[in-house]
Amino acid sequence: MMAKTIAARRRRRRTITAAAPAHAMTSAIAAAPSSPTPTMAPQQRGSRKRKATVLQATARSSSSSAGADGEGPQLPKTQRRPATRRSLVHYLKDREVGMRGSAGIPGFERQLSCHVVRGLPRMLTERPLALGTLNKVFASQWLNARQVVCGTKCNTLFVLDVHSGHITRLPLMRDRVPALVRAKPGCGIHAIELNPSKTLLATGGENPNSLAIYQLPTLDPVCLGDRQGHSDWIFAIAWISDNMVVSGSRDGTVALWRLDFDIFNDSVVRRNATGSPMFAHIRPSAMEDIPKASTNSCHHQVRSLAFSSQNQELGAVSLDGYFHLWKPRSNLSRLLSFRLPYFRENVCLTYCEELSLYAVGSESHVSFVDPRQRQHNIRPLCCREGGTCVRSLSFYHDIITVGTGHGSLLFYDVRAQKFLEERGDAIPDSSPGSSRRQLKLTCGRGWLKHDGLWSNYLDGVDELTNALYTHCYNWPEMKLFVAGGPLLSVLHGHYAGLWS
């Protein structure tokens, strides 16, 4: 009986203890000002973990209810990142006031540049340039915004002012022993290249077998590679660095020339009795033969070179239809050689750093070469149009410009794998759904010498197109210089024009 009485007292004590907090909370709520109050979760019996979970849920419900009614603590909202303004107007405005934030737009400048590259050819118009009686322009490079340096078949090196039309002829460097020169007539200057810093110019000398180096912008002679060099005409030149250059010759060799910076200082101060600047005579630091696939020596000519600064590799094409890859360091190390799919008249080569791709021009096609993937992923583009041939190539972004043997310029989008097309409004009577024509810029007639050879070959022919042996862009000024001459070697003439 005593035990039952003690148990009953303990139960009454527990009931009083549990009821006290609830009574206190009710009094506090009643004393508070009238406001929406959260619903309290009912008391649940069970373990401490279960009670803690209920209290947390109640607190979350209370907080969200108070926040919804505009009172009590509110959770911070996730801030949305402002959308990037990809409008051309916004971009140009930001650039005009010098906002640095505009430079952070990922890829916008490249997209803008690519858009300009695709749209520029459709806006170009021709202005013919007169070159007197010069014969066939083989090579050209922009020196500045208004001057282009050119080399011709008649072995003339000159600077042309594209604004005034004024021509300044440059003296060619002579070999140290002119009596030993056995250069064949009719070769001329086939290559002109500027080093990466635009401080030196490499081309041919008075003897087309020799490599001539001039200093820029003065065009003073620096040195001549006429000692133990090529035995035949130089067809191609490519700079490896500011003081290393490679030349490719008709004799089937490639030569690496290393220039000593002391030569540049000496060439400025050393002059002979007549006041003409003197220059040094140098020899190549390395020379290698290209592999010979046949016994016919006339097919082993190195016709073009292109250097990849990213991979530090030199591509070369030979007239027998082979592509060769070299590693130019202290010497010339050949990495590979293989036959091209189209192997007739492979005379021009260019390289695109962004795509890591070589492009080779042949008789009627342009083949694309990735040395790391021997299988050709990009199908060759066909330029067969009236028996034409590819005579000059250049890459800029995804667009390759093709100078043909019949006086026209074509533009090919490598990523889209199709030629650029004319605008719809440029074609009369064209409907919105009709297919557009391939964009083609046709160059003017130029100048042709009417002599005995002309009458024998072209008597009665009213019009003759010119081969576009060279073209070069001035992208800051959005100008294109194009030059060439008659495709037949016996004819004397030229074409030059500025497209802007």
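Over the ring of which residue does the charged end of Arg303 sit? In this predicted model, the charged end of Arg303 lies over the ring of Phe235, at 4.2 Å from the ring centre. A second arrangement of this kind involves Arg250, whose charged end sits over the ring of Trp233, 4.4 Å from its centre.

Phe235 falls within the residue range of strand S10, which spans residues 234–241. Strand S10 is mostly covered, seven of its eight residues being buried. Its partner is strand S11, made up of residues 244–249, and the two strands pair in the antiparallel sense over six bridges. The connection from S10 to S11 is a hairpin that passes through two residues, and within the paired region Ala238 stands opposite Val246 of S11. Strands of a sheet pair through backbone hydrogen bonds, in either a parallel or an antiparallel manner.

Arg303, for its part, falls within the range of strand S15, which covers residues 302–308 and is an edge strand of an open sheet of four strands. The order in this sheet is S15-S16-S17-S18, and the pairing is antiparallel. The other edge is formed by strand S18 (332–339), and each of these two edge strands pairs on one side only. From one strand to the next, the twist of the sheet averages 20°. Strand S15 is joined by six bridges to strand S16 (residues 313–318), the two running antiparallel, and Phe307 is found opposite Leu314 in S16.

Aromatic contacts were examined next. The structure holds nine aromatic pairs; among them is the pair of Tyr473 and Trp475, which is stacked, with 4.5 Å from centre to centre and 10° between the planes. Both Tyr473 and Trp475 are buried. Elsewhere, Phe323, Phe338, Tyr351 and Tyr358 together form one aromatic cluster. Of these residues, Phe338 falls within the range given for the edge strand S18, whereas Tyr351 and Tyr358 fall within the ranges of strands S19 (348–352) and S20 (357–361), respectively.

Strands S19 and S20 are also among the elements that give two or more residues to the largest nonpolar core. This core has 20 residues, and those with the most contacts inside it are Val366, Phe368, Leu381, Cys383, Leu393, Ile400 and Val414. Further elements contributing two or more residues are strand S21 (365–369), strand S23 (390–396), S24 and S25, and the largest share, three residues, comes from S23. In soluble globular proteins, nonpolar side chains tend to be buried together.

The loop between strand S24 (399–404) and strand S25 (408–413) contains Gly405. Gly405 is buried, with a relative accessible area of 8%. Although Gly405 and Tyr469 are separated by 64 residues in sequence, their C-alpha atoms are 7.9 Å apart in space.

Finally, the cysteines were considered. A disulfide is a covalent bond between the sulfur atoms of two cysteines, and the count for this structure comes to zero disulfides. Cys150 is in no disulfide, the nearest cysteine sulfur, that of Cys472, being 7.2 Å away, whereas the cut-off for a disulfide is 2.5 Å. Cys150 is buried, with a relative accessible area of 1%, and Cys223 is likewise buried, with a relative accessible area of 0%.

Notes. Residues are numbered from 1 along each chain as its sequence is written. This is a predicted model: local features need pLDDT of at least 70, side-chain atom pairs count only at pLDDT 80 or more; totals for chains, interfaces and linings use all residues. Side-chain values use heavy atoms; hydrogens and water are left out. Rings of Phe, Tyr and Trp (its six-membered ring) pair if their centres lie within 6.5 Å; planes under 30 degrees apart count as stacked, over 60 as edge-to-face and the rest as tilted. Buried means under 20% relative accessible area, exposed over 50%, partly exposed in between (1.4 Å probe, protein chains only). A charge sits over a ring if NZ of Lys or CZ of Arg is within 6 Å of the ring centre and within 35 degrees of the ring normal. Two strands pair if DSSP finds at least two bridges between them. Axes are lines fitted to C-alpha atoms, for helices over the stretch in contact, and angles run from 0 to 180 degrees between N-to-C directions. A nonpolar core is a set of buried Ala, Val, Leu, Ile, Met, Phe, Trp, Tyr and Cys residues joined through side-chain atoms within 4.5 Å.
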